[in-house]
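I set out to record what I looked up in this structure, entry by entry. The topics are the sheet, the packing on it, the nonpolar cores and a few loop residues.

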Amino acid sequence: MFDRPFTAHSLDVAISELLAATSDGFDPDLDARISDVLRGLRLQLDMDVVFVSEFQDGMRVFRFVDGASAIGVNVGDSGPLEQSYCQRIVEGRAPELMTNASAVAEELQLPPTAVPIGAHLSAPVVLSDGRIFGTVCCFSTHPNPALQMADLSRLKGCARLVARKVEAQNFQDTLPFLND
């Protein structure tokens, strides 16, 4: 999808086009296109990893991971939701945009992590009935004071895409989704 340099504008256009396309119905190439947008966002924001997580029975299950070596997780891995930044952000106990999470970790009572967290962005994946499916997150091991609300807005656009993908499929028992 991205055959040119990743820019904020090219990501905005791609997200807008996908949101418009998915509102009309099923898109058989949606998995790959969402993966491309998420990867593009990670690279454009200079993040180490981007992932989509699902909240399931008190666990955070990784459904898509790009840059996995940065955190040592793979699609299908899981961990306790309460030990995640995701849970705190969805509950409003931590901000969705942190340019230097390590500087506020103690104040916000963020859980310890296996790798240092510098910059961190997270957006809930909200389904049309209001339920929280999970989150789309990206982070780097180093702070990034250049991150802005516009960057979070792009991540939220990706979260809306993921919500549409979740709802487009019949997710009763399995979730074969966003795998490269």
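The entries below follow the order in which I consulted the model, which is a predicted one.

**Entry 1. The sheet.** I began with the strand order. I find six strands in an open sheet, ordered E3-E2-E1-E6-E5-E4, with antiparallel pairing. I then looked at the edges: E3 (78-80) and E4 (97-98) stand there, and each has a single partner strand, so one side of each has no neighbour in the sheet.

**Entry 2. Helix H5 on the sheet.** I next checked what packs on the sheet. Helix H5, residues 149-168, does so, and it touches strand E1 (49-56) as well as E4, E5 and E6. I noted an angle of about 35° between the direction of H5 and that of E5.

**Entry 3. Strand E6 and its partners.** I looked up the pairing on either side of E6. With E5 (residues 120-126), E6 (residues 132-139) pairs in the antiparallel sense over seven bridges. With E1, E6 is also antiparallel, over six bridges.

I asked which residue of E6 is the bridge partner of Val50. The partner is Cys138, and Cys138 is likewise the bridge partner of Leu121. I also recorded that Ser122 stands opposite Cys137 in E6.

I then checked burial along this strand. Seven of the eight residues of E6 are buried, so the strand is largely enclosed by the rest of the structure.

**Entry 4. The E5-E6 hairpin.** I examined the connection between these two strands. E5 and E6 form a hairpin with five residues between them. In the turn, Gly130 has a positive phi of about 95°.

**Entry 5. The nonpolar cores.** I asked which residues touch the most other members of the largest nonpolar core. They are Leu38, Leu121, Val136 and Leu155, within a core of 27 residues. I listed the elements that give two or more residues to this core: helix H2 (30-44), E1, E5, E6 and H5. H5 gives the most, with eight residues.

Apart from this core I found another, of 19 residues, among them Phe51, Val65, Tyr85 and Ala105.

I returned to Leu121 for its contacts, leaving aside residues up to four places away in sequence. Leu121 touches Met47, Glu96, Leu97, Val136, Cys137, Cys138, Leu147, Asp151, Leu152 and Leu155.

**Entry 6. Gln44.** I located Gln44 in helix H2. Its relative accessible area is 25%, so I entered Gln44 as partly exposed. I then looked up its separation from Asp151: the two are 107 residues apart in sequence, and their C-alpha atoms are 9.6 Å apart in space.

**Entry 7. Positive phi outside glycine.** I kept in mind that most residues other than glycine have a negative phi. I asked where Asp46 is placed. Asp46 is in the loop between H2 and E1, and it has a positive phi of about 60° although it is not a glycine. With a relative accessibility of 48%, Asp46 counts as partly exposed.

I then turned to Asp57, which is found in the loop between E1 and strand E2 (59-66). Its phi is positive, near 55°, again in a residue other than glycine. Is Asp57 buried or exposed? I entered Asp57 as exposed, because its relative accessible area is 78% and the cut-off for exposed is over 50%.

Technical notes:
Residues numbered from 1 in each chain as written. Predicted model: local features only at pLDDT ≥ 70, side-chain atom pairs only at ≥ 80, totals over all residues. Heavy atoms only, no water. Pairing = 2+ DSSP bridges. Helix = DSSP H or I, 4+ residues; strand = E, 2+ residues; numbered from the N terminus. Contact = heavy atoms within 4.5 Å. Axes fitted to C-alpha atoms, helices over the stretch in contact; angles between N-to-C directions. Core = buried A, V, L, I, M, F, W, Y, C linked by side-chain atoms within 4.5 Å. Buried < 20%, exposed > 50% of the residue type's maximum accessible area, 1.4 Å probe, protein only.
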